[in-house]
Amino acid sequence: MGVDIGLEFEGDEDEVSTFQEEHERERHRAKISDGDRERRKRGNGRRKRASRAEEWEGESQARPERRERGRRKRTRSDQEAKGSDRDEEVQPKTKSGKSAKTRKHIKNEKTRKMEEEEGEGEERHAKRKKKHGSAKKEEREEDGGKRTAKEKAQEVKRKKHKKVVETSSEPSEEDDNDEEDNEEREVRPESLSSEELEKLKEAVDERKKLIQTLRGKPWPMKKKCVTLRESQEFVEKYEGALGKGKGRKLYAYKVMMNKKWMKFQRDFENFKTACIPWEMKIKEIESHFGSSVASYFIFLRWMYGINMILFCLTFGLVMVPEALMGRPYGTIPRKTVPRPEATSAMDFAVLWDFGGYAQYSVLFYGYYNNQRAIGWLKFRMPLSYFLVGVGTVAYSYMVVIRTMARNANESGVGDDNSFNFNWKTFTSWDYLIGNPEMADNKFASITTSFKEAILEEQESRKDDNIHLTRFLRVLANFLVLCCLAGSGYLIYFVVRRSQKFALDGLDNHTWWERNEVNMVMSLLGMFCPMLFDVISALENYHPRVALQWQLGRIFALFLGNLYTFIIALMDEINLKREEEQIIKFNITMWEASLYNGTVSVNSTAPAITIQPADVPRGPCWETMVGQEFVRLIISDTMTTYITLLIGDFLRAVLVRFLNYCWCWDLEAGFPSYSEFDVSGNVLGLIFNQGMIWMGAFYAPCLPALNVLRLHVSMYLQCWAVMCCNVPQERVFKASGSNNFYMAMLLVILFLSTLPAIYTIVTIPPSFDCGPFSGKKRMFDVIQETLESDFPAWFGKVFSYASNPGLVLPFILLMVLAIYYLQSTSKSYKEANVELKKKLQTQNEENKKKKKLAALKAQMDLEEARKASSQTAKQQKNSNASQQDQESDEEEDHSSSQRLHHGKNGRHAPPPVREQEGQLPATRAPVPRSYQHEHHGAPGYLPGFPRQSEPRMHRVPSLQRH
Amino acid sequence: MGSRASTLLREEEIEEIKKETGFSHSQITRLYSRFTSLDKGENGTLSREDFQRIPELAINPLGDRIINAFFPEAEDQVNFRGFMRTLAHFRPIEDNDKSKNVAVSEPLNSRTNKLLFAFRLYDLDRDDKISRDELLQVLRMMVGVNISDEQLGSIADRTIQEADTNGDNSISFSEFIKVLEKVDVEQKMSIRFLH
């Protein structure tokens with residue numbers, strides 16, 4: 001048979017084709033005879049089959065020659081008959097779905113059958129197809145004569161088995177099909193070794209593969225087309241052929257479902273990643289600008305999530321119910337624009353200022369009615385309003401603290417990075433990247449990560465004059481404190497002055513005097529951060545620490561801003577409340593006069609003619625506060641966007657295009673491009689959020705506005721960063737956790753909830769607007785609900801629980817628990833740090849020891865060699881190594897050129913080429929090699945320059961086994 | 001007929017490749033078709049230009065080194081045998097591989113051989129050491145011009161310092177193995193060849 005294979009390759013097509021026919025026939029015959037016998041034996045127990053397989057094997061091994069001789073004599077009609085016969089057999093199989101390739105055992109036999117059929121079909125057709133068949137044939141024969149025989153035997157046995165399956169009609173027999181199959185599989189290794197089995201499996205499977213990979217064959221197109229069509233048909237049959245009988249179907253189904261499930265899981269993972277909003281954008285920014293800039297955007301995204309939830313709360317539980325179920329606009333005075341304002345209520349200027357129709361809408365506190373339950377749902381509007389207000393704050397606290405705790409956990413676990421640089425150097429490239437854009441990003445991110453690593457390294461081994469540094473730091477802090485104190489006093493002074501001006505009446509003063517506070521605030525906000533930046537250069541901190549200091553200082557400055565704002569607001573609230581008192585008095589007078597008037601004029605008709613718009617009403621300080629906050633947010637947003645457009649975009653455009661016609665290099669020189677200001681942006685975000693928390697109670701629309709703002713600024717800033725900013729000079733690695741941002745956010749949250757809670761608790765609500773009108777305090781709504789909506793015992797329990805005698809011990813207990821947990825966590829942390837240190841020192845010691853030992857060994861080797869070696873030999877060696885070096889350099893040159901060749905069309909190459917061109921000149925390999933020689937480095941023995949190579953390879957492999 | 005014999009894959013050849021590399025028959029034929037489709041010159045061998053047409057390699061900063069790994073020393077062409085021998089490094093490690101081939105010799109896709117392949121990417125002058133200069137060149141390929149020379153130098157120094165245990169200012173193969181001890185090389189340097 002082996003000879004035949006050789007012939008097949010060298011011989012002409014005819015011979016090949018006949019050979020193939022022969023092969024087919026051989027198979028058919030085997031099958032026929034087999035089938036006959038099988039029919040006879042079907043009644044016998046299945047146990048015998050295994051032993052029979054062996055018997056068959058022996059027989060078939062003896063058979064080939066006989067067959068070969070008889071083969072040609074067989075008539076084709078015989079085959080055709082058989083073929084059609086088998087066609088019928090196969091049809092039912094195609095029904096079952098396309099199923100897993102894992103069931104190769106079962107499939108393979110079928111594949112073989114198909115092949116045969118195809119072969120038969122081909123024989124009836126033109127010779128061209130025979131050629132294709134011959135290709136398959138080549139495959140089939142690959143295993144050599146002996147194995148083919150075994151294969152056949154195997155196949156024969158399998159067919160037999162299948163016949164049983166096909167013909168058996170009883171379900172019970174079908175059921176234990178699988179069982180039997182397994183049994184057979186277990187038994188088989190006795191007759192055929194697993195390796196052969198494997199090969200057999202492959203051989204069958206490969207036939208299909210060959211058909212699919214025909215593209216690479218040097219055949220005419222027509223033939224390829226035919227082959228392709230055939231292969232497609234074949235695959236269809238093949239796929240459908242699997243699984244027959246209940247158990248098999250079930251199994252196939254299981255396998256299929258399993259695969260589908262795996263695929264689904266994989267897809268779902270991808271989907272989940274795709275669902276993280278802006279993930280790709282942030283990653284891209286991170287790769288270009290480093291993790292510090294990315295940390296801002298991650299923070300922004302987190303903020304967006306929080307605001308989304310706050311928005312859902314206020315929108316779903318307050319605004320929508322009031323709009324849908326509350327009384328419509330214009331029914332009562334608080335829901336109507338008053339007559340004097342009605343003419344200008346729709347003007348854009350008024351609306352932009354959130355007056356007019358905007359003021360008398362669900363957006364603000366004053367619009368809500370104090371009706372206890374509204375709509376057919378009996379929705380408790382005032383209660384809901386109050387609880388949402390409290391819930392907003394409570395949820396924010398919870399989220400911030402939980403995030404902080406989680407981050408703290410994460411940062412506690414450090415990884416072993418003793419080979420940080422090695423890993424970066426050897427494993428950072430992703431070899432599957434095939435897209436130039438991705439490659440650019442990867443380049444950028446590798447560069448950035450290297451820069452970050454360098455910086456960390458520099459910072460960690462910086463040991464300057466410690467006294468000088470300390471002095472400078474103290475000095476810097478002193479200066480900053482002076483600045484803060486000065487600006488604090490300035491703010492205080494200006495606010496006091498403005499209060500005096502306000503008492504005098506604003507009309508008597510100039511524009512500057514009227515807007516003094518705002519101007520001073522914004523000027524301070526503009527220049528102090530710059531000053532701090534300059535001062536922080538003195539301190540010589542690690543940039544990450546420096547950023548935190550900077551943040552803290554600007555934060556302190558901005559607190560002044562907040563303070564003035566709150567003071568101004570409080571003043572205004574007091575003014576409004578005085579006004580309210582007067583109006584309240586006036587209204588009673590007005591009502592009395594109205595009543596008296598109507599009584600005097602017409603005693604029968606009551607005064608219904610009064611429009612709600614005409615009713616006099618109080619100033620409603622809550623709505624005023626809400627409006628203030630909304631205006632503040634709007635103006636803040638506008639300022640941010642405009643500075644972004646002017647400061648970043650316009651500057652970048654000017655620098656970019658004026659650079660062509662300017663005296664000096666604008667890009668490298670003075671204006672240059674702006675860097676992304678992480679500290680300023682983070683603080684802006686945090687203070688903005690503080691405003692939201694403060695104002696959300698009085699203006700339910702604030703979270704919605706903020707969501708909008710954050711959404712827009714996400715896109716705008718992402719775009720601005722990528723298009724107009726340059727990466728910072730010192731890219732540093734931000735800690736992934738950003739707990740510092742969180743801590744500041746927590747402080748702001750606390751500071752902003754204080755005034756809100758203060759106003760809610762101490763100031764009585766307006767008498768004629770808002771959901772709490774008519775009550776003494778806003779939180780009375782809770783009591784009211786307890787009294788009217790809950791059973792009496794509940795109120796009793798509540799009053800007991802709120803007894804100070806119970807609350808105080810409880811608080812004490814909590815404090816104690818906090819203290820205990822705090823101290824345990826601290827001790828754990830210390831232990832952790834200790835252990836880490838120990839590990840590190842141990843590592844270093846080991847390294848040192850090894851180094852010493854290696855050095856010693858080298859010295860010994862060196863001495864021994866020196867004693868033995870001859871001067872003449874040394875001379876020779878040095879010559880040889882020099883030649884080596886030269887050849888190496890040549891290789892380098894050629895390789896670098898090749899690199900450029902491969903990278904054509906991208907912008908990277910020219911500079912690289914420049915660098916590469918310089919490199920061989922600057923580097924000095926020759927002296928290095930001499931050094932090696934002198935020190936006698938291991939693996940480069942001067943006596944045998946090339947000998948070291950195999951040794952070095954073999955050492956690890958020996959270790960391994 | 002002669003041309004056909006040279007382009008078609010011979011059975012004996014397949015057998016030998018199978019023995020040498022451990023690829024299955026179908027994998028070999030599949031890779032052969034890939035080989036022929038890459039072979040624009042249609043002379044049964046691949047040149048460096050053929051490799052550089054693969055986008056992943058063209059983009060890869062170390063692509064040139066990888067391509068180099070396919071070529072035996074001082075040769076410009078690689079035939080299918082050599083092609084397969086190199087690819088065999090990336091065959092995933094299977095369980096039965098170990099049991100089968102322990103007696104014979106170490107398979108090409110063992111961890112050590114995988115690492116050796118990676119090591120050779122960086123070892124430009126094939127002296128079994130990654131010297132500082134070699135590291136610098138490779139780093140230059142990887143980061144482009146965005147990092148200054150002295151910074152790159154400090155990276156290279158640091159890298160060597162981390163890995164170097166015998167004080168010769170270069171990274172030997174054993175040190176390289178030590179460095180990547182915790183990296184899952186078996187998995188990372190494996191390609192899922194289709195069956």
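**View 1. V630(A) and the residues it touches.** In this predicted model, let's start with one valine and its company. Leaving aside residues up to four places away in sequence, V630(A) is in contact with F354(A), F364(A), A699(A), C701(A), L702(A) and L705(A).

**View 2. The largest nonpolar core.** Zoom out a bit and V630(A) turns up again, as one of the residues with the most contacts inside a core of 99 residues. F297(A), F299(A), V682(A), F697(A) and M778(A) share that billing. Which helix gives the most to this core? That's helix 14 of chain A, residues 291-325, which puts in 12 residues. Another core, made of 65 residues, lies apart from this one, and its members include F35(B), A118(B), I130(B) and I160(B).

**View 3. Helix 20 of chain A meets helix 10 of chain B.** Here residues 436-460 of chain A and residues 132-143 of chain B form two helices whose axes come within 8 Å. They cross at roughly 125 degrees, so helix 20 of chain A counts as oblique to helix 10 of chain B. Helix 20 of chain A brings F443(A), I446(A), T447(A) and F450(A) to the contact, while helix 10 of chain B offers L139(B), M141(B), M142(B) and V143(B). Sort those by class and you get seven nonpolar residues, one polar and no charged ones.

**View 4. A look around chain A.** Chain A is built with 35 helices and two strands. Of its 961 residues, 42% are buried. Take the contacts in chain A between residues at least 6 apart in sequence: 80% of them join residues at least 24 apart. As for the outside, the accessible surface of chain A is about 52900 Å², with 61% belonging to carbon and sulfur atoms.

Notes: Residues are numbered from 1 along each chain as its sequence is written. Chains are lettered from A and ligands numbered from 1 in the order in which they are written. This is a predicted model: local features need pLDDT of at least 70, side-chain atom pairs count only at pLDDT 80 or more; totals for chains, interfaces and linings use all residues. Side-chain values use heavy atoms; hydrogens and water are left out. Axes are lines fitted to C-alpha atoms, for helices over the stretch in contact, and angles run from 0 to 180 degrees between N-to-C directions. Helices (H or I, at least four residues) and strands (E, at least two) are DSSP runs, numbered from the N terminus. Angles under 35 degrees count as roughly parallel, over 145 as roughly antiparallel, 65 to 115 as roughly perpendicular and the rest as oblique. Contact means heavy atoms within 4.5 Å. Ala, Val, Leu, Ile, Met, Phe, Trp, Tyr, Cys and Pro count as nonpolar, Asp, Glu, Lys and Arg as charged, and the others, Gly among them, as polar. A nonpolar core is a set of buried Ala, Val, Leu, Ile, Met, Phe, Trp, Tyr and Cys residues joined through side-chain atoms within 4.5 Å. Buried means under 20% relative accessible area, exposed over 50%, partly exposed in between (1.4 Å probe, protein chains only). Accessible areas come from the Shrake-Rupley method with a 1.4 Å probe; for residues, only the protein chains shown count as cover.
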